[in-house]
Structure formats: C-alpha cells, structure tokens
Amino acid sequence: MFFISRATKTTIQRSFSTKTSTKNSYGRKYILGITACMSVFIGYKTWQWYETNMNKRLTPDRFVTLELIEKEQLSHDAYRLRLKGQKQLAENFPILSCFYIKDDNIQVMRSYTPINDPFKEGHVDLLIKRYQQGSISKMLTRAQLGDQIFVRGPIEEYPYQPNSKTEIGMIAGGTGITPMYQLIKHVLNNPNDKTERLWLIYCNKTKEDILLKKELDTLQEKHKDRLNILYVLDHPPSSSNNNNNTSLLEEKGQEVWQGGSGYITQEMIQSMLKKKENTFIFVCGPDAMLNHVSGQRARDFTQGPTTGLLGKMGFTPNQVWKLE
Ligand SMILES: Cc1cc2nc3c(=O)[nH]c(=O)nc-3n(C[C@H](O)[C@H](O)[C@H](O)COP(=O)(O)OP(=O)(O)OC[C@H]3O[C@@H](n4cnc5c(N)ncnc54)[C@H](O)[C@@H]3O)c2cc1C
C-alpha cells in the first residue's frame with residue numbers, strides 16, 4: 001500500500017516541479033517588472049530632487065543658475081533683485097562674503113554682495129546699480145522675471161569673527177554699502193557680539209542715490225548707542241547745515257541737509273572716532289573714492305599699504321581692510 005514505484009515517484013516529482021517552476025517564473029517576472037518600474041520612478045524622483053535642490057545649492061566651487069523671481073526699481077539707476085535659491089541651514093553664511101555673477105554669453109563676471117542671509121532665507125537678495133557702460137550691471141538690470149542668472153559663491157571677502165574688534169568703522173561709496181550693510185546687520189543682530197561701536201560714513205552724489213537709507217536709519221534708531229551714520233553728498237539738497245540760516249530755510253519749508261557735503265575729509269573721519277587705536281576700518285566704493293580714502297589694493301591683490309586720508313591719519317594696514 002505504501003509502495004510507490006520509482007517511475008510513479010519520478011512522474012509525481014516532475015509534475016510538481018514543473019508546476020512550481022511555472023508559478024515561480026510568473027512571480028519572478030512580475031517582481032522584476034515592479035522592481036524595474038520602481039527603479040525608474042526612484043531614479044526620476046532622485047534626478048528631479050537633484051535638479052531642484054542640489055543643483056541650486058550655492059557653492060564657491062561652480063556656477064549654479066538661479067531664477068529671477070522679483071525685481072523692483074528703487075531709483076533711476078538702482079534695482080533690488082531676488083533670485084530663487086534653496087535653504088542651506090546646515091551651514092552659516094560666511095560674513096563678509098559676496099557672489100560672483102557672470103554673463104554666460106561673454107564669460108565676464110563681477111562681485112555682488114547679498115543684502116540678506118541666502119542660506120537661511122532660501123533666496124538671494126541683491127541691490128544692483130546700473131552703469132550705462134557697464135556689462136554685468138546692465139545685463140542684471142535688464143533681466144526679466146523667469147530668467148536664469150549664473151551665480152557662484154559665497155566668496156569670502158573678509159573672515160569676520162564676532163568680538164574680534166572693539167570699534168568698527170566703515171567708509172562706503174555708492175553700492176559699496178552692500179558689504180557694510182551685511183556686516184552691520186550681522187553684528188547688531190547677534191546678541192553674543194559685544195562690539196562696542198560701529199560707525200559708517202556713506203558717500204553718494206545726491207540724496208536720491210543713497211541706497212538702503214530707510215533700513216540704515218531704522219538700524220541707527222534701534223541701536224543709537226552703538227551705531228552712528230554720517231551721510232555725505234557731493235551735491236546736497238538746496239542747503240546744508242553748514243549754513244547759519246538753517247531755521248530761516250526751515251521756516252520757508254526748504255529741506256535742510258543734516259549730513260556732510262563735498263568730498264570726505266579727515267575731519268569727518270575724526271568726528272566719528274572714539275579711540276583710534278581700537279578702531280578697524282572697512283572701505284568699499286569706486287576706485288576714485290578708494291584712492292582718496294585708503295589707496296587701492298596692491299597689484300598682487302594683497303591689501304597693500306594704507307595711503308590716502310587714513311594713511312595720513314596714521315592708520316596702519318592691520319587696521320584697514322579694502323573691499324575690492
Ligand atoms: C566686494 C564687492 C562687492 C560688490 N557689491 C556690489 C553690489 O552689491 N551691488 C552692485 O551694484 N555692485 C557691487 N559691486 C560692484 C560690481 O562688482 C561691478 O563692479 C559693477 O556692477 C560694475 O560692473 P559692470 O560689469 O556693469 O561695469 P564694468 O564693465 O566693470 O565697467 C564699465 C564702466 O562702468 C562704470 N563703472 C563701473 N563701476 C563703477 C563704479 N563703481 N563707480 C563708477 N562707475 C563705475 C565705468 O564707467 C566703467 O568704465 C561690488 C564690487 C565688489 C568688489
């Protein structure tokens with residue numbers, strides 16, 4: 001009864017094994033199909049994520065393209081631009097830093113300082129002044145919403161460390177204000193930075209050319225005891241407080257310019273100083289202003305000697321930093 005012939009056994013085994021292998025092969029094909037689909041899907045999603053995230057990750061190593069998402073005209077020749085980036089919360093945005101922006105068609109690049117924290121906020125805010133003969137400033141101020149802008153950085157201009165200075169002086173001309181604004185906000189918004197005093201001399205042609213005035217005045221108002229700003233104009237409004245007829249002009253409803261006028265002088269710098277030996281001064285602006293205030297950097301791009309007004313006043317190269 002329990003005897004099964006060898007032939008029968010073999011047949012039973014074969015029939016079983018054939019059935020199992022057919023079933024398995026269908027199953028395997030099914031699983032292979034699903035795995036292939038999932039791999040394609042995961043690959044596509046990874047590529048999509050890389051394109052939208054890693055590819056927009058700001059780095060000094062290479063240019064990335066960021067979309068222009070906002071554009072506002074601030075004055076006859078100044079614009080605020082917002083480029084869409086991504087948050088990079090694992091890193092601190094290094095102060096003082098700028099970005100290189102290039103025109104990809106002509107492979108020319110220039111430096112621009114963000115006026116926000118691009119890593120925390122996930123976008124880059126720029127303040128751009130257009131020069132009629134300029135290449136990159138013209139390209140940027142002509143750009144339309146949706147255009148892609150080539151950006152590389154952050155590029156460190158000066159490695160600022162909180163509490164490394166007692167008194168920080170800043171002398172800026174035109175768009176030279178952007179690195180100073182970055183530094184002022186960074187110091188004053190950091191409760192652990194105990195820098196005692198900051199002062200800024202900001203030079204422009206006319207009152208209309210002053211960039212970030214509202215933001216600077218708000219900071220000065222909020223930090224009266226630590227921040228002091230002197231605006232200097234080549235062409236001040238109708239009159240300045242150098243005239244003795246201030247009250248007469250005010251009575252007539254005419255604007256009285258409270259800042260400095262003409263070229264920056266040693267007296268203006270002296271009026272901002274508390275203790276010269278404790279002061280470190282940053283300078284940024286057009287070449288002519290740099291020549292007048294501190295001298296330009298050396299030809300090998302080191303800081304070079306301190307000349308100009310600061311040199312005459314006895315400031316040494318380890319007290320002055322030229323941002324060029
Ligand atoms: C560290 C650093 C940060 C900077 N940050 C900013 C910023 O935030 N915003 C900003 O708008 N610019 C900034 N600049 C200046 C910027 O890098 C360019 O120099 C400027 O935009 C002009 O470039 P361009 O290619 O348009 O003109 P270019 O082709 O370099 O110059 C063409 C002509 O434009 C005129 N011109 C150019 N620059 C000046 C100037 N400074 N003053 C007067 N005339 C000039 C001259 O007539 C010049 O012959 C910064 C520069 C440095 C070094």
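Student: Where is Leu96 found?

Tutor: Leu96 is found in the loop between β2 and β3. The model is predicted.

Student: What kind of peptide bond joins Ile95 and Leu96, and what is its omega?

Tutor: The bond that joins Ile95 and Leu96 is cis, with omega about 0°. The peptide bond from Gly153 to Pro154 is also cis, with omega near 10°. Pro154 lies in strand β6.

Student: Why point these bonds out?

Tutor: Most peptide bonds are trans.

Student: Leu183 is said to be buried; what makes it count as buried?

Tutor: A residue is buried if 20 or more other C-beta atoms lie within 10 Å of its own. Leu183 has 23 C-beta neighbours inside 10 Å, so Leu183 counts as buried. Leu183 is found in helix α4.

Student: Which residues is Leu183 in contact with, leaving aside its neighbours within four places in sequence?

Tutor: Those contacts are Ile95, Leu96, Tyr160 and Phe282. The cis bond between Ile95 and Leu96 thus joins two residues that are in contact with Leu183.

Student: What makes Asn163 exposed?

Tutor: The cut-off for exposed is 12 or fewer other C-beta atoms within 10 Å. Asn163 has 11, so Asn163 is exposed. Asn163 is found in the loop between β6 and β7.

Student: And why is Leu212 called buried or exposed, whichever applies?

Tutor: Leu212 has 20 other C-beta atoms within 10 Å. The cut-off for buried is 20 or more, so Leu212 is buried. Its place is in the loop between β8 and α5.

Student: What is the phi of Asn163, and what is the phi of Leu212?

Tutor: Asn163 has a positive phi of about 65°, and Leu212 has a positive phi of about 60°. Neither Asn163 nor Leu212 is a glycine. Most residues other than glycine have a negative phi.

Student: How many strands form the antiparallel open sheet, and in what order?

Tutor: Six strands form it, in the order β4-β3-β6-β1-β2-β5. Neighbouring strands of this sheet are turned by 40° against each other on average, direction ignored.

Student: What makes β4 and β5 edge strands?

Tutor: Each of β4 and β5 pairs on one side only.

Student: What makes β1 and β2 a pair?

Tutor: Two strands pair if there are at least two bridges between them. β1 and β2 have six bridges, in the antiparallel sense, so they pair. One bridge partner in β2 is Arg80, opposite Glu72. A hairpin of four residues joins β1 to β2.

Student: How many bridges join β1 to β6, and β3 to β4?

Tutor: Four bridges join β1 to β6, which run antiparallel; among the partners are Thr65 and Phe150 in β6. Five bridges join β3 to β4, also antiparallel, and Asp103 stands opposite Val108 in β4. Each count meets the cut-off of at least two, so both are pairs.

Student: What is the order of the open sheet with parallel pairing?

Tutor: Its six strands have the order β12-β9-β8-β7-β13-β14. β12 and β14 stand at the edges, each with a single partner strand, so one side of each is left without a neighbour in the sheet.

Student: What makes β13 and β14 a pair?

Tutor: Three bridges join β13 to β14, which run parallel. At least two are needed, so these strands pair. Ile281 stands opposite Val320 in β14.

Student: Which domains does the assignment give?

Tutor: The domain assignment gives domain 1 (60–156) and domain 2 (167–322). Nine residues of domain 1 are in contact with twelve residues of domain 2. On the side of domain 1 that touches domain 2, six residues are nonpolar, two polar and one charged.

Student: Why is the ligand said to lie where it does, relative to domain 1 and domain 2?

Tutor: Both domains give residues to the shell around the ligand, so it lies between them. Of the 23 residues around the ligand, Tyr131, Gly134, Ser137, Thr175 and Thr178 come nearest. The elements β4, β5, α3 and α4 each supply at least two residues of this shell. The shell divides into nine nonpolar, nine polar and five charged residues.

Methods
Residues are numbered from 1 along each chain as its sequence is written. This is a predicted model: local features need pLDDT of at least 70, side-chain atom pairs count only at pLDDT 80 or more; totals for chains, interfaces and linings use all residues. A residue is near a molecule or strand if its C-beta atom, placed from the backbone, lies within 6 Å of it. Ala, Val, Leu, Ile, Met, Phe, Trp, Tyr, Cys and Pro count as nonpolar, Asp, Glu, Lys and Arg as charged, and the others, Gly among them, as polar. Domain bounds come from an automatic or database domain assignment. Two residues are in contact if their C-beta atoms, placed from the backbone, lie within 7 Å. Axes are lines fitted to C-alpha atoms, for helices over the stretch in contact, and angles run from 0 to 180 degrees between N-to-C directions.
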